[in-house]
Amino acid sequence: MATRPPPYLPARCAPYSRPPPLCSVARATAPLSAAATAVSSPPSTTKKVLVPIAMGTEEMEAVILAGVLRRAGADVTLASVEDELEVEASCGTHIVADKPIAACADQVFDLVALPGGMPGSVRLRDNEILQSITVRQAEEKRLYGAICAAPAIVLMPWGLHRGKKVTCHPSFIGDLPTFRAVESNVQISGELTTSRGPGTTFQFALSFVKQLFGPHAAEDMESTLMAQIDADLERSTEVNKVEWSFDQNPQVLIPIANGSEEMEIIMLADILRRANINVVLASVEKSTSIVGSQRMEIVADKCILGASESKYDLIILPGGPAGAERLHKSKILQKLLKEQKQACRIYGGVSYSPLILQRQGLLQDKKATAHPDIVNQLTCQVIDRSKVVIDGNLITGKGLGTVIDFSLAIIRKFFGHRRAKLVANGIVFDYPNS
């Protein structure tokens, strides 16, 4: 059977191939305790959400789901279906779950949301405990959902698509029953919500915020994330144009710290790796593990000292107020950034981190943008009507809702518009043809 990879998915990102057949009966369930068979959730003002993850899970989908819902006030559990809590996601990032899935078997959730990715979707599908939890969720008419490959690969074999309108990643839309398949970015059909891919995950997560907390909460969260600003801002603005050169594949360093915004880290690493860019996540902490602003643990590829032994075509600082401050305090990172500018190599930051670049003298005589909360603190010339600003060898971005555009702008500068467009298509993100 032929494989169906998204465009420019590098070797470390698992290709979207047709999964092996399901060995067990579709709706077979593992034994449940009495607590697990409760008909309804216990009275509580806190909404409980389960986001299961596996080896090969799409990291943007898992982390954006958890990050947005935690920001909205939900009690989100990342649960590993593997033997270990730490999983390697589809594009190489290591994420540490809160619990094993077995610890969730007796719990009642207001929402079970399945991320996609391959082979992550297959590994979710083949986990009997997760199947039991999700089948019970549907039978008791509580919210459940799936994105990307998961609607076709997970929900269909479990029989949880029946009587519902369903969407999924374009690579798998042909696997859905023709009379049930739709191509909307988000499809709500009763208790089931489905979506198409990494580029639609913010919309997917916000639909759950609305269903769990109401329309006003969703509007507030949309504003916080800057998720809907396309009509008001330019996608990107470039001044003092220079060519971004590199040898073979671009080498990119993303330093991370406790308090860094994990959604920004994951989007940057995931999208750039899809374009065959070599991305190194480097922790400025004593350990390679960091805990982000939304309490998710990410394991870096290296500590900053080890990473400092190499040269990089681009160094990007993610945001998160506390994380940006910790990045600023790293003497090794300060030295790397100083050398980066002196060598006329590329550097930049998104959200709160442009303020750190300014404090290190790296925005002098430059044009930039930053998060609305701190943009007025920049002393350089600000271009405030653009999501992304490129000034020579400097690139800056506004925040969470603009990181996909920020990442695609980097790909465009390195490789041209065509590759940026192909990557955008692969993640199902609306991007201009030229």
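Which residues of α12 meet which residues of α13? I took this up at the start, and the model I was reading is a predicted one.

**Entry 1: α12 and α13**

I listed the contact from both sides. From α12 come Ile 404, Leu 408, Ile 411, Arg 412 and Phe 415. From α13 come His 417, Arg 419, Ala 420, Val 423, Ala 424 and Ile 427. I sorted these residues by type and got 8 nonpolar, 1 polar and 2 charged. For the geometry, I noted that the axes of α12 and helix α13 (residues 417–427) cross at roughly 145 degrees and come within 7 Å. The crossing of α12 past α13 is right-handed.

I then looked at Arg 419 and Phe 415, which both appear in this contact. The charged end of Arg 419 sits over the ring of Phe 415, at 3.9 Å from the ring centre.

**Entry 2: aromatic rings**

I searched the whole structure for aromatic pairs and found 5. One of them is Phe 246 with Phe 414, an edge-to-face pair with 5.4 Å centre to centre and 90 degrees between the planes. I checked where the two partners sit. Phe 246 belongs to the loop between β10 (237–239) and β11 (251–256), and Phe 414 to helix α12 (residues 403–415). The pair links distant parts of the chain, with the two positions 168 residues apart.

Is each of these two rings buried or exposed? Phe 414 has a relative accessible area of 7%, so I entered Phe 414 as buried. Phe 246 has 25%, so I entered Phe 246 as partly exposed; the cut-off for buried is under 20%.

I followed the ring pairs further and found that they link Trp 244, Phe 246, Phe 414 and Phe 415 into a cluster. Phe 415 of this cluster is also the residue whose ring lies under the charged end of Arg 419.

Elsewhere I noted Lys 48, which lies over the face of Phe 109 at 5.5 Å from the ring centre.

**Entry 3: α5 and α6**

I next examined helix α5 (residues 201–213) and helix α6 (residues 215–225). They pack with their axes 7 Å apart, at an angle of about 150 degrees. α5 passes α6 in a right-handed crossing. On the α5 side I wrote down Phe 202, Leu 206, Val 209, Lys 210 and Phe 213. On the α6 side I wrote down Pro 215, Ala 217, Ala 218, Met 221, Glu 222 and Leu 225. This contact has 9 nonpolar residues, 2 charged and no polar.

In an α-helix there are 3.6 residues a turn, so residues three or four places apart point the same way.

**Entry 4: α4**

How many of the residues of helix α4 (residues 150–158) are buried? I counted 8 of its 9, and the helix is mostly covered. The buried residues are Ala 150, Pro 151, Ala 152, Ile 153, Val 154, Leu 155, Pro 157 and Trp 158. I looked up what they pack against: the strands β6 (111–114), β7 (143–147) and β9 (192–195), and the helices α2 (120–125) and α3 (128–139). Gly 159 follows α4 and has a positive phi, near 75 degrees.

**Entry 5: backbone points**

I found a cis peptide bond between Met 118 and Pro 119, with omega about 5 degrees. Pro 119 lies in the loop between β6 and α2. Those two elements are among the ones that the buried residues of α4 pack against.

I noted two residues with positive phi that are not glycines. Arg 295 has a phi of about 65 degrees and is placed in the loop between β13 (289–291) and β14 (297–299). Cys 344 has a phi of about 60 degrees and lies in the loop between α10 (331–342) and β17 (346–350). Cys 344 counts as exposed because its relative accessibility is 58%.

I also looked at Asp 365, in the loop between α11 (353–359) and β18 (367–368). At 74% relative accessibility, Asp 365 is exposed. Its C-alpha atom is separated by 6.5 Å from that of Cys 380, 15 residues apart along the chain.

**Entry 6: totals**

I closed with the whole protein. Its secondary structure comes to 13 helices and 21 strands. Of its 434 residues, 60% count as buried. Among contacts between residues at least 6 apart in sequence, 71% join residues at least 24 apart.

Note on methods. Residues are numbered from 1 along each chain as its sequence is written. This is a predicted model: local features need pLDDT of at least 70, side-chain atom pairs count only at pLDDT 80 or more; totals for chains, interfaces and linings use all residues. Side-chain values use heavy atoms; hydrogens and water are left out. Rings of Phe, Tyr and Trp (its six-membered ring) pair if their centres lie within 6.5 Å; planes under 30 degrees apart count as stacked, over 60 as edge-to-face and the rest as tilted. Helices (H or I, at least four residues) and strands (E, at least two) are DSSP runs, numbered from the N terminus. Buried means under 20% relative accessible area, exposed over 50%, partly exposed in between (1.4 Å probe, protein chains only). A charge sits over a ring if NZ of Lys or CZ of Arg is within 6 Å of the ring centre and within 35 degrees of the ring normal. Axes are lines fitted to C-alpha atoms, for helices over the stretch in contact, and angles run from 0 to 180 degrees between N-to-C directions. A crossing is left-handed if the near helix is turned anticlockwise from the far one by less than a right angle, and right-handed if clockwise. Contact means heavy atoms within 4.5 Å. Ala, Val, Leu, Ile, Met, Phe, Trp, Tyr, Cys and Pro count as nonpolar, Asp, Glu, Lys and Arg as charged, and the others, Gly among them, as polar.
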